[in-house]
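Student: I am new to this structure and would like to get to know it step by step. Could we look at it together?

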Amino acid sequence: MDVVRKFKFWWPWQDLAEQAWLAEQAQRGLHLASVGMLGAYRFTRGEPGNMVYRMDVEFGPRRDHYRQLYTDAGWEHVASYFGWQYWRTPRGTDGAEAEIFTDSASKRAKFKRILWYLGISTLPAVVVALSPGTSALLRQEPLLISVGVRGLLYGLIGLNLFAAFGVLSRMRRLRDL
C-alpha cells in the first residue's frame, strides 16, 4: 500500500476549505487514512474517487453511540484527532454532497463544542501563567528560560484566543443565514 504524507495547517473555522481539500485529494486518488499533529495527514494511494468529507467535533463518553449514528446514516469514520472526527461518503450520482449538519443551529452547536474545548485547553496555561508560584519559580531561573517559558504560555493563550475569535465570527455568520 502506497502511503503519501502531506502537511496542511488550518484553523477550526476553516473546516469548509479543509473538507474541500480532502475531497480534492480523493479525486487525485489520495484517500485519507489518518490525521496527526500540526496538520500531518497520511493518505493511501488508490483509484480516484468522488468523495464528500465532513468534519465534526466530539469528545467524551458518548463517542460510540455518536459513531454508530453516523455509520447508520452512511458515513465512514476515517480518522480522529483531538476530538475532531473525519467522515466520508461517496458523492451522490447527481453530484449532490451529503451533509452531516443540515441547519444553522446544529452547525453552531459544533462550533460551541470547539469553543468549549478551546476554553478547557487554555485554562491550565492561564492558571500557570498567572500563578504567583510560577513567577517565583521563574525568577530563580536564568532570564532566557524565564522569558522562554512565559513566551510559550502567553503564545498558547494568544493562539487559543485567536482561534476562539475566529470561531465566534463563524458562528455569527451562521446565525445571520
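Tutor: Gladly! Let us start with a term we will need: a salt bridge is a side-chain nitrogen of Lys or Arg within 4 Å of a carboxyl oxygen of Asp or Glu. Please keep in mind that this is a predicted model.

Student: Thanks! Which residue forms a salt bridge with R170?

Tutor: The closest N and O atoms of this pair are 2.4 Å apart, and the cut-off is 4 Å, so the pair counts as a salt bridge. R170 lies in helix α5 and its partner in helix α1, so the bridge ties together parts that are 155 residues apart in sequence. Both residues are buried. The partner of R170 is D15.

Student: Which lysine meets the side chain of D15 in a salt bridge?

Tutor: The N to O distance for this pair is 2.5 Å. The lysine sits in helix α3 while D15 sits in helix α1, so parts 95 residues apart in sequence are tied together. With a relative accessible area of 3%, the lysine is buried, and D15 is buried too, at 2%. The lysine is K110.

Student: Is D2, which forms a salt bridge with R45, buried or partly exposed?

Tutor: In this bridge the closest N and O atoms are 2.6 Å apart. The pair links distant parts of the chain, with D2 in the segment before β1 and R45 in strand β3, 43 residues apart. R45 has a relative accessible area of 47% and is partly exposed. For D2 the value is 39%, so D2 is partly exposed.

Student: How many salt bridges are there by this rule?

Tutor: We have met the bridge of R170 with D15, and the bridge of K110 with D15. There is also a network in which R54, R91, E97 and E99 are joined by salt bridges that share partners. By this rule, the count is nine.

Student: Let us step back to the fold. How many helices and strands are there in the protein?

Tutor: Follow the elements from the N terminus and you read β-α-β-β-β-α-β-β-α-α-α. Among contacts between residues at least 6 apart in sequence, 64% join residues at least 24 apart. The protein has five helices and six strands.

Student: Which element gives the largest share of the largest nonpolar core?

Tutor: This core has 28 residues, and L22, L32, Y41, F43 and Y86 touch the most other members. Several elements supply at least two residues each, among them α1, β2, β3 and α3. The largest share is five residues, and it comes from α5.

Student: How many residues are in the second, separate core?

Tutor: Its members include Y66, Y70, W87 and F101. One of these, W87, is in β6 and is the bridge partner of H77. The number of residues in this second core is seven.

Student: In what sense do β5 and β6 pair?

Tutor: These strands form a hairpin with two residues between them. Their pairing runs over five bridges. The sense is antiparallel.

Student: What is the phi of F82 in the turn, and why might a reader notice it?

Tutor: Most residues other than glycine have a negative phi, so a positive one catches the eye. F82 is not a glycine, yet its phi is positive. F82 lies in the loop between β5 and β6. Its phi is about 45°.

Student: Which residues make the nonpolar surface patch of about 390 Å²?

Tutor: One member lies in the loop between β5 and β6 and is exposed, with a relative accessible area of 52%. Another, M37, is in the loop between β2 and β3 and counts as exposed at 58%. L38 is also in the loop between β2 and β3, and at 66% L38 is exposed. The patch is made by M37, L38 and F82.

Student: Does F82 have contacts too, and which residue in the loop between β4 and α2 is in contact with F82?

Tutor: The residue in that loop also contacts G83, R113, W116 and Y117, leaving aside neighbours within four places in sequence. Its C-alpha atom is separated by 8.9 Å from that of Y117, 58 residues apart along the chain. The residue is F59.

Terms used
Residues numbered from 1 in each chain as written. Predicted model: local features only at pLDDT ≥ 70, side-chain atom pairs only at ≥ 80, totals over all residues. Heavy atoms only, no water. Core = buried A, V, L, I, M, F, W, Y, C linked by side-chain atoms within 4.5 Å. Buried < 20%, exposed > 50% of the residue type's maximum accessible area, 1.4 Å probe, protein only. Helix = DSSP H or I, 4+ residues; strand = E, 2+ residues; numbered from the N terminus. Patch = residues over 30% accessible without salt bridge, like charges linked within 9 Å, V, L, I, M, F, W, Y side chains within 5 Å. Areas by Shrake-Rupley, 256 points an atom, 1.4 Å probe, with all protein chains shown as cover. Pairing = 2+ DSSP bridges. Contact = heavy atoms within 4.5 Å.
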